Amino acid sequence: MSSHHLESLNRDGFVLVPSILTPEQITTLRNASAEVIDVARSGNWPFVRTLPKQFPPWNVEPGANPAAGGIWGVQFLMHPDLPNSKIFISNYFSEPIVSVVKELLECEDEDLVMELFNLLVRPDRDFELRWHRDDIPATATAEEELDRLRQPAWSAQWNLALYEDDSLIVVPASHKRARTQVERDADPFAKGVPGEIRVQMKPGDVVFYNNNILHRGAYVSSKERMTLHGSIGHRGGSRLRARNVLQHGIGEWVQDIDLSGLEGAEKERAVAMRKLLMKLGAENTDVGYSLED
């Protein structure tokens, strides 16, 4: 694996890796995702990203249809109760994904921590996210922003497109600096922020990005979307990563993930990654939430 992926990530805050999936893998993951989306839209999966809420918790009233107001994502692709979870688990722990993660985090297998794997879908109505950094609130001062941005990311986060996807909008290199005054004063949903670009992905492409790059999403209801949204952490992140990961509630079921579909070194690595996530949860029981709507 060449180092240009890491160079691009460090320079721009993101790196696009083309064609990480074969056509056959794309078809398999599309079929699996379609079934999951049907289950979610029918109200039979409680863990969804509900419209118009942007950040967790996506609270659903007990006994209510979780998808009644529309959804833009399906949570917990590795949950043992979700249809096709083994297919998603196989993709999450696959060598093409993990090898790039290790390059970007400059680490080995024993450093990897299992984190999140979700599905971003076509919303029931047009929907946009505001400009944000995943783990730095909009109220942060420039000094507070820089203090966090100077620290290692301790994770690799990615979007893997199963259909063409240009929903992710980023300001390149903004992961290395505080927001400008123009960015601070802009409308949270402003279009045309200086330097912004849309990341263009074809089916099978994956973009890895620093989750504290200045970014937002713009999703249209008329365009099919199935984008696998995952992250893998580095054990050095500890408390710094705990809030970003555990705020979603993964700690309540991670021990039940069925890894029986994996074999050999891949399975050994997955088991070790899960143990480190469970350790993270045991050591951090009150993490709160990174951002608020």
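**Aromatic pairs in a predicted model**

Good morning; the structure I want to go through contains 11 aromatic pairs, and I should say at once that it is a predicted model. A pair of aromatic rings is described by the distance of the centres and the angle of the planes, and that is how I will present two of them.

Let me begin with F47 and F76, whose ring centres lie 5.0 Å apart and whose planes meet at 55 degrees, so this pair counts as tilted, given that only angles over 60 degrees would count as edge-to-face. The two residues are 29 positions apart and link distant parts of the chain, with F47 in the loop between helix 2 (23-41) and strand 2 (48-50), and F76 in the loop between strand 3 (71-74) and helix 3 (85-92). Their surroundings can be described as well: F47 is partly exposed, because its relative accessibility is 28%, whereas F76, with a relative accessible area of 4%, is buried.

The second pair is W158 with F208, where the centres are 5.7 Å apart and the planes stand at 45 degrees, so this pair, too, is tilted. W158 belongs to strand 6 (residues 155-161) and F208 to strand 9 (residues 206-209), so the contact ties together parts that are 50 residues apart in sequence. Both W158 and F208 are buried.

Which residues do ring pairs link into a cluster? They are Y92, F93, F117, W158 and F208, so the pair I have just described belongs to that cluster.

Finally, turning from ring pairs to a charge over a ring, R30 lies over the face of Y163, at 3.9 Å from the ring centre.

Technical notes: Residues are numbered from 1 along each chain as its sequence is written. This is a predicted model: local features need pLDDT of at least 70, side-chain atom pairs count only at pLDDT 80 or more; totals for chains, interfaces and linings use all residues. Side-chain values use heavy atoms; hydrogens and water are left out. Rings of Phe, Tyr and Trp (its six-membered ring) pair if their centres lie within 6.5 Å; planes under 30 degrees apart count as stacked, over 60 as edge-to-face and the rest as tilted. Helices (H or I, at least four residues) and strands (E, at least two) are DSSP runs, numbered from the N terminus. Buried means under 20% relative accessible area, exposed over 50%, partly exposed in between (1.4 Å probe, protein chains only). A charge sits over a ring if NZ of Lys or CZ of Arg is within 6 Å of the ring centre and within 35 degrees of the ring normal.
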